[in-house]
Amino acid sequence: MAASAYDSFYFRDRYGSAAMRALWDDRAMVQRWLDVEAALAASEAETGLIPRAAAREIARAARVEKIDLGAMKREFDTTWNPVMPLVNALRQAVKPSAARWVHWGATSKNVIDTALALQIRDTYHVVGADLEAIAAELARLARRHRDTVMAGRTHGQHALPVTLGYKAAVWLDELMRQRERLEASRSRVLVGEFGGAIGTMAALGRDGLRVQERLMARLGLGVPLIAAKTAGDRFAEFFLVLAMISSTLGKIGQNVYNLQVTDTDEVVEFMEGKVGSSAMPHKLNPVASGSLVLLARLVRSRGVTMLEYIHSEWEDDHRQGETAWAFPQEVCLLLGAQLVIARRLLATLVVKPENMRRNLDRAGGVVLSEAVMMALAAKIGRDRAHALTLAISREALAAQVPFREAVAAHPEVRRHLTRREIASALDYRRALGLAGYFVDRVLAEYDRTKGGSSERKGRQRATTSRRR
């Protein structure tokens, strides 16, 4: 049975998603290696370097179901080279006349890196689609709760009034930036590698340039300006962007987690079928939002490894290559789980406006201290107003009197402010500032950009395929 949570039949959906497993499991990886070998043969046939019949035979056999994966594994354990077992298996699967042309002029890392770029390209699609769905849920929350007043909190304490829609809009704005970063990285990241043993195309000479052009065009990848064998920055950028996306989802999860604390109780996660505790039946533990936080921590912990992938010595370094055998799959699986959980969490989140108002009132309206201070400042100056409001808040706390009552009854306040001015300063909605305006502005940007994502991706793919 599996010894890893990623592969466990029991836990794997908490540490990965079906969509990501389909892109990153062993069979998918081997198939992408075969795709590169088949595209290479076709490109070399087009340039007259190998027979066209051989290229067709290689393409016919380049299917993972035609390969003995067990034999590949046994050979890998002996040779310590991950691609030669594939090459040998492919040679055995084709006619003898075609076998000699398999892997012509290539090296193992050419195949691995180009195949990795193909897996990453597919990952862009999965992540992009899930981000669109999560953004839609955040936009829905922002619209529906644009004017749902709640306590804004700083450093764990009540600060000023805010709205749930404003909080959701802040999250949405950040998520849109992460989506933009992801899309902007495509042309830099989706670049293949074919330069032979050391990157100079010594085996094929100038014919190698034509093969490289055709190979990358066939695979939909960009052409590097110079050998990319040791240039780990491209893939590192992609996975670091994924880590940033993961951190944003983790932050949203942490905020939702905090709002479910019993003494706050302003939102609650989906409840269908969920058991919070085997010992305490009453509990509705925030496990989904907590999982978002945990998964983000796990992804961030891979950050050093992502950056380590950039480090390489000489013109090739197996230590760099082996770094990519683990962290890409792990990062994508962990993020895949986050994306699925975040989408479900936001789609089924139960909001409790009455508890939000209760918490504001339970704190005695202290979130209105700035509004009271500013109203007084217009009459007696900011410094005096600050000192007076501070004194009232401390007196109210000591006497266990609601701040609002203490303000309304204070003789100096009544001396400088009219009843209408006092009532205005003690109105939660009047202390929201431009919260609604900012929600509307973020939603307008979301509406403007959500429909154009496919068009942008199409343009970026075209740019990538022309890149030199």
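Which residues touch the most other members of the largest nonpolar core? The close-ups below begin there. This is a predicted model, in which local features need pLDDT of at least 70 and side-chain atom pairs count only at pLDDT 80 or more, while totals for chains, interfaces and linings use all residues. Residues are numbered from 1 along each chain as its sequence is written, and side-chain values use heavy atoms, with hydrogens and water left out.

**View 1. The largest nonpolar core and its best-connected members.** Ile-120, Phe-239 and Leu-242 touch the most other members of this core of 110 residues. A nonpolar core here is a set of buried Ala, Val, Leu, Ile, Met, Phe, Trp, Tyr and Cys residues joined through side-chain atoms within 4.5 Å; buried means under 20% relative accessible area (1.4 Å probe, protein chains only). Helix α7 (residues 108-144) gives the most to this core, with 17 residues. Helices are DSSP runs of H or I with at least four residues, strands are runs of E with at least two, and both are numbered from the N terminus. Apart from this core lies another, of 26 residues, including Leu-360 and Val-407.

**View 2. Phe-239 and its neighbours.** Leaving out residues up to four places away in sequence, Phe-239 touches Trp-24, Ile-120, Met-306, Phe-327, Pro-328, Val-331 and Cys-332. Contact means heavy atoms within 4.5 Å.

**View 3. Helix α11 packed with helix α15.** Helices α11 (residues 233-259) and α15 (residues 327-348) pack at about 35°, their axes 10 Å apart. Axes are lines fitted to C-alpha atoms over the stretch in contact, and angles run from 0 to 180 degrees between N-to-C directions. On the α11 side, look for residues including Phe-239, Leu-242 and Leu-249; among those they meet in α15 are Val-331, Leu-335 and Leu-339.

**View 4. Gln-31 in helix α2.** Gln-31 sits in helix α2 (residues 26-46) and is buried, with a relative accessible area of 10%. Gln-31 and Arg-63 are 32 residues apart in sequence, yet 6.4 Å apart in space, C-alpha to C-alpha. Not counting residues up to four places away in sequence, Gln-31 touches Ala-62, Arg-63 and Val-64. A polar atom of the Gln-31 side chain lies 2.9 Å from the backbone nitrogen of Val-64.

**View 5. Thr-264 in the loop between α11 and β3.** Thr-264 counts as buried, at 15% relative accessibility. Beyond four places away in sequence, Thr-264 touches Arg-153, Asn-258, Leu-259, Asn-355, Arg-358 and Asn-359.

Definitions and conventions:
Buried < 20%, exposed > 50% of the residue type's maximum accessible area, 1.4 Å probe, protein only. Polar contact = N/O pair within 3.5 Å; in protein donor to acceptor, adjacent residues only side chain to side chain.
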